[in-house]
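The following note was prepared for a colleague who wishes to read the structure alongside a short commentary. The points are numbered for ease of reference.

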Amino acid sequence: MTPLILALLAGAVAGVSLGALGAGGSILTVPALVYLLGFTPAAATTASLVVVVVMSATALVAHARAGNVRWRAGLLFAAAGLLPAAGAGALSARVPAAALTLLFAAVAALAGLHMLRRRTPRGSGTVSGARAVGAGAGLGAVTGFLGVGGGFLAVPALVTVLAVPMSAAVGTSLLVVGANALVALAGRAYTAVHLDLALLLPFLAAAVLGAWDGRRLAAKVPAGTLRRVFGAVLLAVAVAMGATAVL
């Protein structure tokens with residue numbers, strides 16, 4: 001199978017995950033770029049940020065039109081993560097590939113377990129400024145360092161910390177992760193990382209189209225089934241990446 005076909009197939013899978021579940025797209029993007037398309041871990045996390053920015057912006061438009069974005073809460077949450085995202089993005093390119101792979105595997109395992117055990121989070125009814133800043137900063141650092149959007153972290157954090165209704169949490173999380181990813185990408189602008197655009201652009205195009213198919217899939221397949229399938233895939237990816245980094 002040619003690299004171009006692999007890029008299209010992997011991009012479509014990542015897009016379907018994001019469209020169907022509101023999370024998981026970038027978690028699948030990094031290992032796909034590394035193990036299927038030959039990107040280095042540093043290049044893959046940088047390329048993943050490009051994917052996150054474009055996919056988040058595309059999906060955000062649809063959610064905004066439906067009135068499912070809480071702009072004030074999202075901007076507050078995102079603002080707390082901008083500096084950590086930029087700093088972590090600049091630092092990531094200087095971390096050894098094996099260490100970066102292990103850290104990513106740990107986050108992928110966390111995401112997989114979250115999808116397998118996911119329950120609808122309940123809002124606390126109160127908004128804590130300190131908790132909002134802490135959660136926003138933590139999410140920004142994860143986004144910048146590992147190149148993941150962090151939707152699986154952002155959605156429950158928005159519900160429990162900022163009291164955003166669940167119906168608007170996914171749309172608002174797109175604003176948060178997109179802003180963090182954009183700043184993290186700017187933080188890597190001066191690092192010497194080569195991106196193979198001949199593979200990245202087809203991957204990105206397939207991911208955007210896959211996201212639309214994911215939305216239709218979500219209307220036909222029970223959400224619990226989708227989460228369990230993607231959760232199992234993420235755990236398998238985490239184990240494979242961890243073993244590769246150690247061996």
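1. Val61 counts as partly exposed because its relative accessibility is 41%, which lies between the limits of 20% and 50%. The residue belongs to helix H3. Its C-alpha atom is 9.8 Å from that of Leu175, although 114 residues separate Val61 and Leu175 in sequence. The model under discussion is a predicted one, and the values below should be read accordingly.

2. Ser56 is also located in helix H3, which comprises residues 41-65. In contrast to the partly exposed Val61, Ser56 is buried, because its relative accessibility is 5% and the cut-off for burial is under 20%. Once neighbours within four places in sequence are set aside, Ser56 has contacts with Leu174, Val177 and Gly178.

3. Helix H8 runs over residues 166-187, and its length may be checked against expectation: at 1.5 Å a residue, 22 residues should span 32 Å, and the end C-alpha atoms are indeed 32 Å apart, so the two values agree. The helix nevertheless has a bend of about 25 degrees, placed at Thr172.

4. Two residues of H8 deserve separate comment. Asn180, which lies in this helix, has a relative accessible area of 0% and is therefore buried. With residues up to four places away in sequence not counted, Asn180 touches Ala78, Gly81, Leu82, Ala85, Leu139, Gly140 and Thr143. Ala186 is likewise placed in helix H8, but its relative accessible area of 49% makes it partly exposed, given that exposed requires a value over 50%. The C-alpha atoms of Ala186 and Gly144 are 9.8 Å apart in space, with the two positions 42 residues apart in sequence.

5. Helix H4, residues 71-92, has 22 residues and extends 29 Å from its first C-alpha to its last, close to the expected 32 Å. A bend of about 40 degrees occurs at Gly81, and Pro84 follows within four residues. Gly81 is one of the residues touched by Asn180, and Gly81 is itself buried.

6. The buried residues of H4 are Ala73, Gly74, Phe77, Ala78, Ala80, Gly81, Ala85, Ala88, Gly89 and Ser92. Among them, Ala78 and Ala85 also appear in the list of residues touched by Asn180.

7. At the surface, Met1, Leu4, Ile5, Leu8 and Leu9 make a nonpolar patch of about 480 Å². Leu9 is found in helix H1, residues 3-21. With a relative accessibility of 46%, Leu9 counts as partly exposed.

8. What is the overall make-up of the protein in helices and strands? There are 10 helices and zero strands, and the order of elements from the N terminus is α-α-α-α-α-α-α-α-α-α. Of the 247 residues, 49% are buried. Among contacts with a separation of 6 or more, 85% join residues that are 24 or more positions apart. The exposed area of the protein is about 10,800 Å², and carbon and sulfur atoms supply 71% of that area.

Definitions and conventions: Residues are numbered from 1 along each chain as its sequence is written. This is a predicted model: local features need pLDDT of at least 70, side-chain atom pairs count only at pLDDT 80 or more; totals for chains, interfaces and linings use all residues. Side-chain values use heavy atoms; hydrogens and water are left out. Helices (H or I, at least four residues) and strands (E, at least two) are DSSP runs, numbered from the N terminus. Buried means under 20% relative accessible area, exposed over 50%, partly exposed in between (1.4 Å probe, protein chains only). Contact means heavy atoms within 4.5 Å. Patches are made of residues with over 30% relative accessible area and no salt bridge: like charges are joined within 9 Å, nonpolar side chains (Val, Leu, Ile, Met, Phe, Trp, Tyr) within 5 Å. Accessible areas come from the Shrake-Rupley method with a 1.4 Å probe; for residues, only the protein chains shown count as cover. A salt bridge is a side-chain nitrogen of Lys or Arg within 4 Å of a carboxyl oxygen of Asp or Glu. The expected span of a helix is 1.5 Å times one less than its number of residues. The bend at a residue is the angle between axes fitted to the seven residues ending there and the seven starting there.
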